[in-house]
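Visitor: I should like a close look at one part of this structure, namely its aromatic pairs and the surroundings in which they sit. Please take me through them in one connected account.

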Amino acid sequence: MTVPDEVARLVTGFPGFDAEEQAFPFLTVDLRGFPHVALLSRSELDVSPRGDLVAVISSRNTNHHLKRAGRATLIAVEGTSGHYLKLQVVHVETTGDLVGYRFRVSEYKRDSVGISLTPIGFRTTAELSETEQWARSRALLDELSIIK
């Protein structure tokens, strides 16, 4: 299964500066079975040409959970719908201190009760781009998108 078009539109493209962006909850499970949440942005997400989700993860805890279990869930919101993607790691790439993943979508659910939803959001800045190493993340996302 590939990333649905509705979600692909939300996660692809690189954020500019001084713009409102969605922060996407990315869930893994810790050793005690509790959900662990990391918030990712479009600077850390993309869709490969073959339809897999690619992500750069900087959280040590999230990386540990992915190494152990190889599974995660991504949540995206648009309009009146929540989109939930269950993901399975299919490839890992490490470049220095950055860890990138290619995920295959194992399940997808679109959920709506017809009410307007507001996603978690933030405003982009040049400083944030530097702090979070967006240029390096972009390069790793591009590398992960190449079919291996």
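Guide: Two rings of Phe, Tyr or Trp, the last represented by its six-membered ring, form a pair if their centres lie within 6.5 Å, and planes under 30 degrees apart count as stacked. The model examined here is a predicted one. By that criterion the structure holds 4 aromatic pairs.

One of them joins Phe 17 and Trp 134: the ring centres are 6.4 Å apart and the planes stand at 20°, so this pair is stacked. Phe 17 belongs to the loop between α1 (5-11) and β1 (20-22), whereas Trp 134 belongs to helix α4 (residues 134-145), so the pair ties together parts that are 117 residues apart in sequence. Trp 134 has a relative accessible area of 1% and is therefore buried. Together with Phe 14, the residues Phe 17 and Trp 134 form one aromatic cluster.

Another pair consists of Tyr 101 and Phe 103. Their ring centres are 5.6 Å apart and their planes at 25°, so this pair is stacked. Tyr 101 counts as buried at 4% relative accessibility, and Phe 103 counts as buried at 0%.

Phe 103 leads on to the nonpolar interior. The largest nonpolar core has 24 residues, of which Phe 26, Leu 74 and Phe 103 touch the most other members. Two or more residues of this core come from each of α1, β2, β4, β5, β6, β7 and β8. Apart from this core lies another, of 6 residues, including Val 54, Val 56, Leu 140 and Leu 141. In soluble globular proteins, nonpolar side chains tend to be buried together.

Phe 26 merits attention in its own right. Leaving aside residues up to four places away in sequence, the contacts of Phe 26 include Phe 103, Leu 74, Leu 87, Ile 57 and Leu 66. Among its other contacts are His 36, Val 37, Ala 38 and Leu 40. Leu 74 is also the bridge partner of Phe 26 in β6. Strand β2 (residues 24-29) and strand β6 (residues 71-78) run antiparallel and are joined by 2 bridges.

On the wider scale, these strands belong to an open sheet of 7 strands, ordered β3-β2-β6-β7-β8-β5-β4 with antiparallel pairing. Its edge strands are β3 (35-40) and β4 (45-47), each of which pairs on one side only. From one strand to the next, the twist averages 30°. Between β2 and β3, which run antiparallel, there are 6 bridges, and Val 29 has Pro 35 as its bridge partner in β3. The hairpin of β2 and β3 has 5 residues between the strands, and in this hairpin Gly 33 takes a positive phi near 90°. Helix α2 (residues 60-69) lies across β2, β3, β5 (53-57), β6, β7 (81-95) and β8 (98-112), and runs at about 50° to β2.

The setting of these parts is a chain with 4 helices and 9 strands. Buried residues make up 45% of its 148 residues. Of the contacts between residues at least 6 apart in sequence, 68% join residues at least 24 apart. For 148 residues, a compact globule would have a radius of gyration near 15 Å, and the chain agrees, with 15 Å.

Terms used: Residues numbered from 1 in each chain as written. Predicted model: local features only at pLDDT ≥ 70, side-chain atom pairs only at ≥ 80, totals over all residues. Heavy atoms only, no water. Phe/Tyr/Trp six-rings, centres within 6.5 Å; stacked < 30°, edge-to-face > 60°. Buried < 20%, exposed > 50% of the residue type's maximum accessible area, 1.4 Å probe, protein only. Pairing = 2+ DSSP bridges. Axes fitted to C-alpha atoms, helices over the stretch in contact; angles between N-to-C directions. Contact = heavy atoms within 4.5 Å. Core = buried A, V, L, I, M, F, W, Y, C linked by side-chain atoms within 4.5 Å. Rg over C-alpha atoms; globule rule 2.2 N^0.38 Å.
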